[in-house]
Amino acid sequence: MSWDSEFILPSGAGVRELTRRLRKLTPCRPDGRRSVERTFLDTFDWRLYNRGKVLEERHDGNDDIVLQMRALRSAGPEVVAKPAAAVRFVRDLPAGTMRRRLESVVQMRALLPVVRVHSRISTLRIIDKNQKTVAFLELEKNKIAAGSRSRSAAELTRARIVPLRGYVKAARGLSQLLVEALECTPAENDTFVAAALLACRKPGAYSAKLDIRLDPDTPAHVASKLVFRRLHEIIRCNENGMRQQIDSEFLHDFRVAVRRTRSALAQLKAAFPQTPVDRYLRDFRWLQQTTGSARDLDVYLLKFADFENLVDRSLHADLRLLKEFLGQQREIAYRRLVRSLDSKRYRKLMNDWQAFIGQSSRERSNSNSAVPAIRDLARKRIWRLYRRAMKEGRRIKTNSPAEHLHELRKTCKKLRYLLELFQGIFPKRKLKKLIRSLRQLQDNLGEFNDLQVQSEVLQSFSTKMYQKKDGKAETLMATGVLVQALMKKKSAARVEFQSHFETFAQPAVDALFRELFHTTAADRAP
Amino acid sequence: MKVLAAYNIKGGVGKTSAAVNLGYLAACEGARTLVWDLDPQGAASFYFRVKPKIKGGTRRLLRKKNRALDVIKGTDYRNLDLLPADFSYRNLELVLDDGKKRRRRLRKIVKPLRNEYDYVFIDCAPSISLVSENVFAVSDALLVPTIPTTLSLRTLKTLLDFRARHDLSDLPILAFFSMVDRRKALHRLILDNPPKTSGSILASSIPYASEVEKMGMYRAPLPAYAGRSRAAAAFESLWSEIKDALDGG
């Protein structure tokens, strides 16, 4: 049976009053009072909250930092760590359970403060007849710290049961007692959520996922504008994080949204007048190019540990200079990127684009009377891209040039975007199946392409370093070894391609594509 | 996770107080700690005011997967839990013998604890038996309290010989002097000139002190009620020496 562990005190009753009344009802003993500064942390895209986790950093009077992670709406820390300093990235944490648990969820994202809370916590021990503690009750008075001022709210004065392992019955009894005898109300929200909302932060608000519900009969230009608006929102949301270089994923989400916008615009241009479409395609291409090198450098740095693992340990020291050089290049690339964001061209693009996708649809549909429903246009485009992918894939033989794989990779990417952008229109399960089979092929193609580009670029970087006298011969050589390892992996990926393509091209997948997207003469008749 | 067994062939040498007090000190440092009371007498459980009883007894604990997690009890101290004793441990020997891999059967109990704890302190019953061999198989080190007397040193020697004979050379034996009474000439003599045949003995020693005996009265770890006593300081110094030995080894 589940029971509530967090309660809001009855109106008018403070912590002291509640303690007084509780002591008459059950044997308990005060166990100290303390002031704690708590900072709740999460990533920009709420990775912890979405997994039902709450992470907080606690400072109590001393300089010690305690990092606690627990499940949402449950008491008691699940994992505790004591880092030496405030933690921004999981990689800064000392090795241990906390790091292991966070690594898979947070990955490369920065942990950002969501809300700061000042808490005064009085603890009561609930004891049994042997004077054994069977549960803790923490009575918290929380204030939201916002700059120099702080705000408190009745909702943030709470009683929290911290159960003790093996004493569930006692905790459940206490929970009942709080509700029935002491008129406490089970809290609807976790303290974290309540505090965040009071600080005007809505947990889970940002996501880079599309999740747009579309009516298949919506005219194509109306539907695609909904998609564009969502993508535009994602683009704008990430600007700030890119400027401040908080972590690598702001730029990544930004670029994905730009690429999706481009791809959708190019595929669905039939729904719009040609002149503005051409201009936006040109501008978005520019935007993607101007942000490209910053992303590439982000990726090299994120992957650097993998790179190191490809060469012998004795060469790691020699690769360090390369890593530093990549870091410097990244700084330069980001400066250029910020200049682009500040440019007139970008500002004008965003303003015009916003106006364009915000235009009321009726006005447009008049000027373009034969706009098809989004379902029909999407089906047509997806089917065409699928056919193209099959054709391009079939012509690839063991000795085909790399460009052929590159072409196929681009086609698959476009296909994938369309499938994802309009997933709301088609049966979810079937679409998922298609996306999964496509993804495996894409992973292989992507790996092949990445390894090709990486080996070329790393080689050129190290040569550049050497010529500029920034590097040592050892670094040049170590990079050479790394490049060789990358090439070897590339060849392996090339060999694997055939089997991945065959999996994608199997009759079952083909039948599904045909079923969902192929328009027969009969479909077109009415 | 490190498993440390407070172990001695002899009884009454300070195993339980070592397991309880060292466990408490580890928990105070923030390490998630479990004390496993494997002695049917249940002294460690008594100190933590927990009933020495496991539902389903030894057999269930050994047979059912992850059973240990269901029967662990929180103590009065943060980060410190207890796997209580059970009277059926007196037959543990027989239960272990009745099955395959008789020397490895405690592993199954320890396995699910790996994700939950940083340290497990096992409070063993005195003997050298199949249970002890099982304890050796799951432990990262043995903590061997040794009274500075001739008989105690003899049993320590027996343990060292046993280790040599049974191919357990990887298992560190961290012996330390316990219940040391400086008023006794023999204690002083042995402490100042520890015999070389007994292997290396840690420098920290636990004094014979009435505060330690009062653990039964307070039913609490010694540092919790007499943090400033000489005996508490001795446990602290012992704990830091044990940690160093574990890091070094």
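**Group meeting talk: two chains, two domains and their salt bridges**

Okay, let's start where the chains meet: chain B and chain A bury about 1400 Å² between them, with 34% of that area on carbon and sulfur atoms. Before I go on, please keep in mind that this is a predicted model.

So who does the work on the chain B side? Three residues stand out: B:Arg49, B:Asp76 and B:Arg78 supply 40% of the area that chain B buries against chain A, more than any other three residues. If you want the head count, 18 residues of chain B and 16 residues of chain A take part in the contact.

Now, charges. Side chains of opposite charge can pair when their charged atoms come close. How many salt bridges are there between chain B and chain A? There are 4 salt bridges. One you can look up on your screen joins the side chains of B:Glu116 and A:Arg165, at 3.2 Å from N to O. Between chain B and chain A we also count 9 residue pairs in polar contact, both partners being at pLDDT 80 or more. And look at the makeup of the side of chain B that touches chain A: 9 charged residues, 5 nonpolar and 4 polar.

Right, next stop, inside chain A. The domain assignment splits chain A into domain 1, residues 6-198, and domain 2, residues 220-521. Their C-alpha centres lie 42 Å apart. Still, the two domains do touch, with 7 residues from domain 1 of chain A and 9 residues from domain 2 of chain A in the contact.

Together, domain 1 of chain A and domain 2 of chain A bury about 670 Å², and 62% of that is on carbon and sulfur atoms. Which three residues supply the most on the domain 1 side? They are A:Phe44, A:Met108 and A:Arg109, with 67% of the area that domain 1 of chain A buries against domain 2 of chain A.

A:Arg109 comes up again, by the way: A:Arg109 forms a salt bridge with A:Asp253, and their closest N and O atoms are 3.9 Å apart. Across this domain interface the rule finds 2 salt bridges. On the domain 1 side, the touching residues are 5 nonpolar, 2 charged and no polar ones.

Let's zoom out for a second. Over all chains, the structure holds 48 salt bridges. I picked a few for you.

First pick: the side chains of A:Asp45 and A:Arg47 meet at 3.0 Å, N to O. Buried or exposed, these two? Both A:Asp45 and A:Arg47 are buried.

Second pick: A:Asp352 and A:Lys348 pair up at 2.9 Å, N to O. Both sit in helix α11 of chain A, residues 344-358, and they are 4 residues apart, about one turn of the helix. A:Asp352 has 22% relative accessibility, so A:Asp352 counts as partly exposed.

Then there's a bigger group, a network of salt bridges that links A:Glu6, A:Arg38, A:Glu56, A:Arg58, A:Glu140, A:Arg158 and A:Arg160.

Last one, back on chain B. B:Arg67 is in helix α4 of chain B, residues 67-71. Why does B:Arg67 count as buried? Because its relative accessibility is 8%, and the cut-off for buried is under 20%. Leaving aside residues up to four places away in sequence, B:Arg67 touches B:Lys55, B:Arg60 and B:Leu61.

That's my tour, thanks for listening!

Definitions and conventions: Residues numbered from 1 in each chain as written. Chains lettered and ligands numbered in written order. Predicted model: local features only at pLDDT ≥ 70, side-chain atom pairs only at ≥ 80, totals over all residues. Heavy atoms only, no water. Contact = heavy atoms within 4.5 Å. Buried area = accessible area lost by both parts, 1.4 Å probe. Polar contact = N/O pair within 3.5 Å; in protein donor to acceptor, adjacent residues only side chain to side chain. Nonpolar A, V, L, I, M, F, W, Y, C, P; charged D, E, K, R; others polar. Domains from an automatic or database assignment. Helix = DSSP H or I, 4+ residues; strand = E, 2+ residues; numbered from the N terminus. Buried < 20%, exposed > 50% of the residue type's maximum accessible area, 1.4 Å probe, protein only.
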